[in-house]
Amino acid sequence: MTEKQMRVLSIVATLTAVGMYVSYIPQIQNNLAGNPGSPLQPLVAAINCTLWVAYGFLKEKRDYPVVLANAPGIILGLITFITSF
């Protein structure tokens, strides 16, 4: 792949990852409305995202698409987890 193609791929992958975590918002709304979902999947997602954000920051050459793609998953995964009780 060319450098330009890799850049496009990283942008598309980042946007779809963010979309995946933004999709927790309806579950958070359901949780708060008294219809809680399972807490396990969002907790595991938040842990996974934390590891990926750490990876992206700790690399010698920081990987900002990985960081940006996974940062919303930490926040929204934890909110979803907490509100499911």
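Here is a short chat about the predicted model shown above.

Q: What secondary structure does the protein have, in helices and strands?
A: Going by this predicted model, there are four helices and zero strands. Along the sequence that reads α-α-α-α.

Q: And what box do the C-alpha atoms fill?
A: Roughly 50 × 25 × 15 Å, taken along the principal axes.

Q: How much of the protein counts as buried?
A: Of its 85 residues, 29% do.

Q: OK, so which residues make the largest nonpolar core?
A: Six of them: Y21, Y24, I28, A45, C49 and L76. Helices α2 (24-32) and α3 each put in at least two residues of that core. As background, nonpolar side chains in soluble globular proteins tend to be buried together.

Q: I care about the cysteine. What is C49 in contact with, leaving aside its neighbours within four places in sequence?
A: C49 is in contact with Y21, N70, G73 and I74. Y21 also belongs to the largest nonpolar core, along with C49 itself.

Q: Contacts in general, then: what share of those between residues at least 6 apart join residues at least 24 apart?
A: That share is 68%.

Q: Switching to the outside. How big is the accessible surface, and how much of it belongs to carbon and sulfur atoms?
A: The accessible surface comes to about 5,800 Å², and 71% of that belongs to carbon and sulfur atoms.

Q: Which residues make the nonpolar surface patch?
A: F57, L58, Y64 and L68 make a patch of about 460 Å². Both α3 (40-58) and α4 (64-83) supply at least two residues each to the nonpolar patch.

Q: Where does Y64 sit?
A: Y64 is in helix α4.

Q: Is Y64 exposed or only partly exposed, and why?
A: Y64 counts as partly exposed because its relative accessibility is 43%, and that class runs from 20% up to 50%.

Q: New topic: aromatics. How many aromatic pairs are there?
A: The count comes to four aromatic pairs. One of them is F81 with F85, an edge-to-face pair.

Q: What are the distance and angle for F81 and F85?
A: The rings are 5.2 Å apart centre to centre, with 85° between the planes. The edge-to-face label follows because planes over 60 degrees apart get that name.

Q: And F85, buried or exposed?
A: F85 is exposed, since its relative accessible area is 70% and the cut-off for exposed is over 50%.

Conventions
Residues are numbered from 1 along each chain as its sequence is written. This is a predicted model: local features need pLDDT of at least 70, side-chain atom pairs count only at pLDDT 80 or more; totals for chains, interfaces and linings use all residues. Side-chain values use heavy atoms; hydrogens and water are left out. Patches are made of residues with over 30% relative accessible area and no salt bridge: like charges are joined within 9 Å, nonpolar side chains (Val, Leu, Ile, Met, Phe, Trp, Tyr) within 5 Å. Accessible areas come from the Shrake-Rupley method with a 1.4 Å probe; for residues, only the protein chains shown count as cover. A salt bridge is a side-chain nitrogen of Lys or Arg within 4 Å of a carboxyl oxygen of Asp or Glu. Buried means under 20% relative accessible area, exposed over 50%, partly exposed in between (1.4 Å probe, protein chains only). A nonpolar core is a set of buried Ala, Val, Leu, Ile, Met, Phe, Trp, Tyr and Cys residues joined through side-chain atoms within 4.5 Å. Contact means heavy atoms within 4.5 Å. Rings of Phe, Tyr and Trp (its six-membered ring) pair if their centres lie within 6.5 Å; planes under 30 degrees apart count as stacked, over 60 as edge-to-face and the rest as tilted.
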